[in-house]
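Hello,

Here is the structure I promised to pass on to you. Have a look at it first, and my notes follow right below.

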Amino acid sequence: MTSTGVSVAGNPGVPEPVNEQPRDYAPGSPEAVRLLEEVNRVRSRVRDLPNVIAGERFELGETADVVAPHDRTLHLGRFPVARAEQVNAAIDAALAARHDWSRMAWWDRAAVFLRAAELANGKYRDELLATTMLGQSKTFHQAEIDINELVDFFRYNVKLASQIYQTQPFSVTGVHNTMDHRPLEGFVLALTPFNFTAIAGNLPATPALMGNVVVWKPSEKSALSSEVVMRVFEEAGLPPGVINLVHGDGGLVTATAQASEHLAGISFTGSTTVFRNIWQSTAQNIHHYRAYPRLVGETGGKNAVVAHPSADPQALLVALVRGAFEYQGQKCTAASRTYIPRSLWKELEAPLLETSAGLQVGDVVDHRTFVGAVIDRNAVDRLQGVIDRAKADPAHQILVGGTTSTERGWFVDPTIVRTDDPTAFTMSEEFFGPLLAVYVYDDADWERTLDLVDGTSQYALSCSVFANDRSAIITALDRLRDTAGMTYINDKPTGATMGQQSFGGGRGSGTNDKTGSVLALQRWVSGRFIKENMAPDLDWTYPYMG
Ligand SMILES: NC(=O)c1ccc[n+]([C@@H]2O[C@H](COP(=O)([O-])OP(=O)(O)OC[C@H]3O[C@@H](n4cnc5c(N)ncnc54)[C@H](O)[C@@H]3O)[C@@H](O)[C@H]2O)c1
Ligand SMILES: N[C@@H](CCC=O)C(=O)O
């Protein structure tokens, strides 16, 4: 790679991004036929999913297995468990790539990610879909919107980056001012969750687009699709060492990265507890870093759907079913508590329970399946624990579901539990599974209910308000201002779309850096102002000194 100088100004036009629209995948449609062929190809062999450091693939050594969550006999791949030496090698590779990458003109870096978007949407699209379906147990539609979001991230981030680079200070006659939007000094550690291939690809890509070098540790539960994402980066022309992929224990990888004085930032998406521990351990090491590491964390949620007596019952039903049970409730934004007025509950209860009980749970490659498997055995055990606690508590009543099965895969039936205690654990703790808690309130208690929504949980990620009465919506927007980073009116709390709704939340839900906005990209640059004086003063005295 040749160094092309520091890119501080100049802003070539970039393509106007447009959101990818989901294809249908109706049985027998060309896209479904093609995808099923790819699914069979992925199923037919056990893949090696190596660490990729400085563009080289390493011997597997000690390995762990990847199986399909909905069919645990289906062995899909194996990945190496990195030791500290490999993590250090990845850090060294990143630092070695830093000089040239950080000085490459931003448009050249952007071109790599625009190319990645086309590869993810073209040559690799079916492979990304198939590995996401089989490795993370997503249905056709859920895998489709995930890969669309990955493509959207790559395209929209370039547009947003162009806005940042365009932001320059005022200059006056005789003085030229420039903002050098530098990448951070050091390397960024990206720790990504299992639930979205899009998030796994976006977290290392965003700092890299802004000129940073990255050590990327994907979740072991998404190792299959992450390997494809890495090949997309490479084929798109990403120079070796800019993003280095290491699998392994999150604690060990993080501790090794934290031991380096060059740790410049951590981009984390995952659970609140893990992020809090990362924050604490980074703070404990603070004296040996060259600069304060930037900590960006998007974490858990306990997302509420609150309905006013004026709400449309059918729209509410659809939002609850899709919001709570799509992708088995394993979205940070999933609906997991709902507040329904007594008058509306009379109308909603029977159809909601009937619809939920009728959702097909099973193999995601079957078109009729709405709910696949949860990600692993630990998830079933954790969710079974929630169900058992609710069953044992007289303040709770299981209305539908409440059953799990582990014979073929890791299945949890869509479950709705009603509680008369608005402060119960089911109204405050994150489930991250297909469980929805219902609290029925007196119709006259709208404002008190909004305060309950605001005050009951530590999280502040997403929430939905259902009402047709405008004054009820106005009151809700006011009372729930700090309750969520994303507020939906008459819509489900999931499905933020790049460029339209930026996702992220405050309180226990994270640093609210708003993936899908300029704010997120801004975290990976460190400004340098340059003032050039075209007519320097030649006289040190003030005019009044004579
Ligand atoms: N707010 C958001 O935007 C958002 C998006 C997706 C998921 N999530 C949250 O993620 C969670 C589910 O994802 P998950 O199960 O993959 O989360 P997780 O916290 O278990 O894992 C996330 C990443 O951190 C790593 N990790 C695990 N333990 C670690 C440790 N001790 N130190 C350092 N790294 C460690 C994992 O290997 C993985 O790469 C849920 O809480 C969900 O709400 C949030
Ligand atoms: N864009 C997705 C992100 C979910 C995170 O887990 C949503 O808004 O539902």
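The shell around ligand 1 takes at least three residues from each of two domains, domain 1 (58-299 + 510-529) and domain 2 (303-489); these bounds come from an automatic or database domain assignment. This is a predicted model, in which local features need pLDDT of at least 70 and side-chain atom pairs count only at pLDDT 80 or more, while totals for chains, interfaces and linings use all residues. Residues are numbered from 1 along each chain as its sequence is written, and chains are lettered from A and ligands numbered from 1 in the order in which they are written.

Around ligand 1 there are 29 residues, and the closest are Pro193, Gly250, Gly270, Glu298 and Cys332 (a residue counts as near if its C-beta atom, placed from the backbone, lies within 6 Å). Helix H8 (250-258) and helix H9 (272-284) are the elements that give two or more residues to this shell (helices are DSSP runs of H or I, at least four residues, numbered from the N terminus).

Now to a helix pair. H5 (residues 140-166) packs with H6 (residues 197-209) at an angle of about 20°, their axes 8 Å apart (axes are lines fitted to C-alpha atoms over the stretch in contact, and angles run from 0 to 180 degrees between N-to-C directions). That angle makes H5 roughly parallel to H6, a term for angles under 35 degrees.

Another pair is H1 (residues 30-43) and H4 (residues 125-136), with an angle of about 60° and axes 9 Å apart. H1 is therefore oblique to H4, as angles that are not under 35, over 145 or from 65 to 115 degrees count as oblique.

Enjoy exploring!
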